[in-house]
Amino acid sequence: MRNEASYYPEIQAFIEAQLRSNFLASNRRELFVYWGIGELKTNLQRIISEHPNKCACAAKFAKRVPPLSLDIFALITDGNKFELLILEVKLVKSAGLGEWSQLVGYCLVSGAKYGLLINVDSGGSPRLTQMLHTERHISHIQTIVNDELREHLFGFMQWNSTTHNFEYSNLGFIKSLSELSKRLASEFATG
Amino acid sequence: MAMNTDKAYIFGMVIGGGIWGDAEDYFHIRLPFKQWGSYFKNPQRASQITRDIMNLNNMFRSVYGITVQYDTDAGGVWNVICEGDTTELRTDLAEHGISCEGEMRKNTSITKITAALVDDFMKRRFIAGLADTIGSTAPSQRRFTEDKQIISFELSGFNFSFVCDLCRLFYSVNCLPDQILWNHPNFHSAKNPHFKGWKKGFKLRVLLDQYAQFGAFAFKTKAESSKENLQLQHQKNDAVLCPELNVSATASCVHPAEHDANLPSCIRGGHYLHNRHVCAVLGCENAPYGAIKKMFADIGELVNPFPILCKDKIGKIEKVISDDPLLANRTYQISAVSVKSLYDNFQANNNALLYGNAIKTGYPISQIMQGIAYIIAHDNEIGVTRVKGKYTDLIERHLAINQNLSVELRKPNLLTPLVIMGNGRGALVGARNPAVYKKLVSVATDNEYKLCVRPITEGDLQNA
């Protein structure tokens, strides 16, 4: 019987491949995706020390971010700018508001702009599905921290462990990996 | 529009199965799953297919705002009905030189779109879209035995360049196609030039071992079916690079449809000894050019201007003879021949040539026995013109009941086809005559790999 952590590698590989591929198609240059599993601050510092040329842009952020225990996160950078993507991976019959809230909390605390709730081989609870359909603001949250506007965008997807592919739920602000890629591409457009 | 991985998948699906009409807010994707996907044959799989299609709905909605529904029939054809504003999808496809008209895979060039797939991952998403529509994982897809399981990409029509581009795309992700079957009479009707139903389509077949490693599916049903098929194998199969393939051919007859107007001009008018011969004429960089050229040395053995074996009702065989002056103007020596004596000859040497007029000429006994099997069979032992089961078993069965069984043989005065008659049925068996047939073949002026065969004349046979 597999546990949820056993799906991390295949999910990471798929997301990374999609993001890199789409960035190459849109921006004609490379995108770098570095993964951390577990505690955010330590992992960020490790990534920066391992890839100083590409990740120096995240150094200030890594200093001020609080310690936070996560499932998986990705530091996505083109070498000049970076964004943080947090994945909340679940292996449950139906992912509910509890799981969604957990992801939202992690993103708000860490300042990560992007968050994906991923349930392996199952979808969302009827309650969460309805909420994401009708309450659009819970997947697009803006906060002001130290007079600085922060935006947090969320999506909910299902990982199909047979096809090794995402099945979109059409729920949340980020509806597909290509949409996530498009946003990253436009943010990193200036290089 | 920048290509992305989700669009690549959608484009694969739409090109693989998309059928467009005049409506701007509607098209459908035909999934020709046949028995494999029939709710009548396999309700559990059919139920999973509906789930797969509904997952498509979310993909299409999130990328293009198009909603998806489906219908199906007991025959296993599924239609993914796509409704909504299709303008953006049409515009995106138009950027790649693809117009949304009719049955797309029949008239679309994928040269431009495959060039826009920036890396292997994006290519695999496009391939997954095609695999989910036209990639057959039916259990019958295997090479000879269960130890070589196959996924077969099946296309109707005459879009040779589509097949060529798709094959190149597989090659580019290191997924080497195992076999290619071109929609051409030399392959679909290699023995019978009078068979009109030769347009059976293209097949591009990839070993499942290869596809599992380098390909992809998004339909769970296809992925599961592919895994089930793989479990039937007792060994791993490696693919062979096309230029390293061992190419061998058997004789094929010259078919009038070699000049069919549907064939692309570079193919039309040519005679093809092997499927990879078509690849060479199309100029594919991976074609086994050396092996193809090598076959040209034996061209007289590999081409036959007559039917190698043509079986039909007696009236139709008589019409074939009367319509062709070369056959009609012969004098035939008619005799009743014992089936047992011919079968004894066949068992002694199944490569024997009968009634020839020089070395290496005559009628192949194996073809004669196949013709005889068709003629002596009871109605319930044949399909349309095909004997059910092994033809040798059928002959032995009938000889066990009647040792004195005979058929009427009409032997022509020149080496035109031998005629076998009986039981209201007839068969034509073409002779081997390599020295004469070789003289009919020439190489096209514009392509050193394209062979053209002129019609045989009475003079060719008389002056042999």
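**Exercise 1. What percentage of the 464 residues in chain B is made up of buried residues?**

Welcome! Before the solution, some ground rules: this is a predicted model, where local features need pLDDT of at least 70, side-chain atom pairs count only at pLDDT 80 or more, and totals for chains, interfaces and linings use all residues. Residues are numbered from 1 along each chain as its sequence is written, chains are lettered from A and ligands numbered from 1 in the order in which they are written, and side-chain values use heavy atoms, leaving out hydrogens and water.

*Solution.* Start with the term: a residue is buried if its relative accessible area is under 20% (1.4 Å probe, protein chains only). In chain B, 57% of the 464 residues are buried. Next, look at the surface: the accessible area (Shrake-Rupley method, 1.4 Å probe) of chain B is about 19,700 Å², and carbon and sulfur atoms hold 49% of that.

**Exercise 2. Compare the radius of gyration of chain A with that of a compact globule.**

*Solution.* The radius is taken over C-alpha atoms, and the globule rule is 2.2 Å times the number of residues to the power 0.38. For the 191 residues of chain A, the rule gives a value near 16 Å; chain A has 16 Å, which agrees. Its C-alpha atoms fill a box of roughly 45 × 40 × 30 Å along the principal axes.

Now try chain B: a compact globule of 464 residues would have a radius near 23 Å, and chain B has 25 Å, which agrees.

**Exercise 3. Work out how the open sheet of strands 6, 7, 8 and 9 in chain B is put together.**

*Solution.* First, the terms: strands are DSSP runs of E with at least two residues, helices are runs of H or I with at least four, both numbered from the N terminus. Two strands pair if DSSP finds at least two bridges between them.

Then find the order, which is 6-7-9-8, with antiparallel pairing. Strand 6 (135-136) and strand 8 (177-181) of chain B are the edges, each pairing on one side only.

In chain B, strand 7 (residues 150-155) and strand 9 (residues 202-207) are joined by six bridges. B:Ile151 has B:Val206 of strand 9 opposite it.

Finally, add a helix: helix 7 (residues 160-172) of chain B packs on the sheet, touching strands 7, 8 and 9. Touching here means contact, with heavy atoms within 4.5 Å. The direction of helix 7 makes about 10° with that of strand 9 of chain B; axes are lines fitted to C-alpha atoms, for helices over the stretch in contact, and angles run from 0 to 180 degrees between N-to-C directions.

Technical notes: Buried means under 20% relative accessible area, exposed over 50%, partly exposed in between (1.4 Å probe, protein chains only).
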